[in-house]
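This report covers a helix, a surface patch and a set of salt bridges. The sequence and the model come first.

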Amino acid sequence: MNDAKKTDSTRLQNLLKRRERLMGRAYRLFYQQPVHIVSGEGIWLYDSDGKKYLDVYNNVPHVGHCHPRVVEAICKQAQTLNTHTRYLHELVLDYAEKLTARFPDDLDIAMFACTGTEANELALRLARAKTGANGMIVTENAYHGNSWAIAQITTTYESSEKRGDNIVTVPTPDSYRGLYAGDPRAADKYAAHLHTAIETLARKGLRPAAFIVDSIFSNEGLPTVPEGYLARAVDIVRQAGGLFIADEVQPGFGRLGTNFWGFQSHGVKPDIATMGKPMGNGYPISAVVTSNAVVDAFQEHSHYFNTFAGTPVACAAALAVLEVVEQEGLQANVLETGNYLLEGLKELAIHQTLIGDVRGSGLFIGIDLVRDRESLEPATAETDKAINLLRHHGVLIGSTGRFDNILKIRPPLVFSKENADLLLQKLEMVLNEVCTA
């Protein structure tokens with residue numbers, strides 16, 4: 001190891017020790033050799049040595065890292081005013097109007113928060129107030145946030161906090177490796193588990209307040225959902241008096257290409273929709289969109305206030321994001337580039353047996369890595385190795401799914417066909433290396 005590399009290694013180790021001392025060990029870092037990122041632009045991130053990385057993981061910079069229009073909007077409003085929502089402010093109302101215009105007509109109320117976790121927690125409060133019930137139905141291996149209440153409906157991770165008796169789970173509707181994979185009646189059979197969940201609640205003297213899903217089932221592995229499943233499931237919940245909450249934090253704002261919201265891909269309309277991460281392109285803002293009927297039931301006994309939610313600066317950032325998506329034609333780019341990448345991945349899969357399945361929509365794609373295409377044994381260790389090799393070769397990517405064997409592709413919406421070609425080239429090289437190791 002030369003002197004420069006020794007210096008870099010020592011600097012990184014010192015940073016790691018300092019981080020652990022100051023922040024503790026509960027925080028997770030990506031990659032066996034963590035990346036020291038110092039700047040970003042568009043689809044690229046740069047480390048402290050000037051090396052650039054193709055970012056195919058981060059959905060927070062929805063319209064690209066440090067997009068100049070978003071940065072300008074934040075700076076301009078911060079120079080003028082930033083305060084809470086207990087004062088009148090036109091910009092906050094302008095954003096609420098523009099956001100709700102993207103939803104079905106009767107979903108015309110926007111309530112702001114700072115994070116997706118907060119938005120989902122507010123959604124639970126709204127659902128309970130509207131229904132007078134307390135039961136919650138969630139899918140297996142779901143992620144909805146990190147507060148105590150939302151950890152209760154997050155089934156991805158094991159937790160020392162015991163899940164409440166009012167929380168019940170249903171199987172993920174997975175057409176590849178799920179309970180009813182290959183079954184022509186899979187949609188009906190998966191939906192029937194909602195009846196079982198409601199019966200389980202009833203035996204405890206409970207009724208369902210809501211069924212909540214991330215509408216692309218991202219932490220469940222981005223499964224190909226049997227057509228008609230979600231509509232059937234939502235009907236069953238509503239017949240039992242519950243509401244449907246669409247968690248749009250990850251699939252929303254045009255990421256899926258075909259539709260602006262994930263729930264639209266399933267042909268259903270939520271009673272409540274939540275959104276977060278991508279809204280402000282890195283500036284903290286999230287939202288709940290719902291109907292007057294839901295909010296009226298809530299305000300009879302409660303009120304809502306959040307100091308940093310929906311401030312003028314937050315709404316300036318979010319408004320700029322919406323305008324960039326619309327004016328730069330990013331949803332159309334997502335559809336075209338996403339289809340191009342999907343085809344390239346499927347072609348790669350013909351010759352690369354480690355790839356068991358490729359699925360997704362727009363710029364949200366999962367590559368299911370398997371050790372055997374017949375048994376579908378998850379290639380978890382190989383996935384981890386591929387992620388770290390890609391990092392070494394200048395591509396930042398993540399994993400998802402119950403077995404952490406699915407490469408998750410979720411880049412900023414400015415991702416281009418040229419970027420896709422680079423990703424395909426690096427991915428082929430790395431998977432060949434993993435297979436021959």
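## Helix, patch and salt bridges

Helix α1 covers residues 3–23 and contains L22. The model is a predicted one. L22 is exposed, because its relative accessible area of 54% is over the 50% cut-off. Together with M23 and Y27, L22 forms a nonpolar patch on the surface; the accessible area of the three residues together is about 340 Å².

Helix α6 comprises 18 residues, 186–203. At 1.5 Å a residue the expected span is 26 Å, and the end C-alpha atoms are 26 Å apart, so the two values agree. The buried residues of α6 are A186, A187, Y190, A191, L194, A197, I198 and L201. These residues lie on the same side of α6, because the arc they cover around the axis is only 150°. Their packing partners are three strands, β5 (135–139), β6 (167–170) and β7 (208–214), and the helix α7 (229–239). After α6 comes G205, which has a positive phi, near 80°.

The count of salt bridges in the model is 14. Three of them are listed here, with the distance between the closest N and O atoms.

| Basic residue | Acidic residue | Closest N and O atoms |
|---|---|---|
| K189 | D183 | 2.6 Å |
| R359 | D357 | 2.8 Å |
| R359 | D368 | 3.0 Å |

Where do the partners of the K189 and D183 pair stand, buried or exposed? K189 has a relative accessibility of 29%, which makes it partly exposed. D183, at 24%, also counts as partly exposed. Both values fall between the limits of 20% and 50%, so neither residue is classed as buried or as exposed.

The salt bridges of R359 involve buried residues. R359 has a relative accessibility of 4% and therefore counts as buried. D357, with a relative accessible area of 19%, is buried as well, because the cut-off is under 20%. D368, the other listed partner of R359, is buried too. Which residues do shared salt-bridge partners join into one network? The network consists of R177, D357, R359 and D368.

Key: Residues numbered from 1 in each chain as written. Predicted model: local features only at pLDDT ≥ 70, side-chain atom pairs only at ≥ 80, totals over all residues. Heavy atoms only, no water. Helix = DSSP H or I, 4+ residues; strand = E, 2+ residues; numbered from the N terminus. Expected span 1.5 Å × (residues − 1). Buried < 20%, exposed > 50% of the residue type's maximum accessible area, 1.4 Å probe, protein only. Arc of directions from axis to C-beta. Contact = heavy atoms within 4.5 Å. Patch = residues over 30% accessible without salt bridge, like charges linked within 9 Å, V, L, I, M, F, W, Y side chains within 5 Å. Areas by Shrake-Rupley, 256 points an atom, 1.4 Å probe, with all protein chains shown as cover. Salt bridge = Lys/Arg side-chain N within 4 Å of Asp/Glu carboxyl O.
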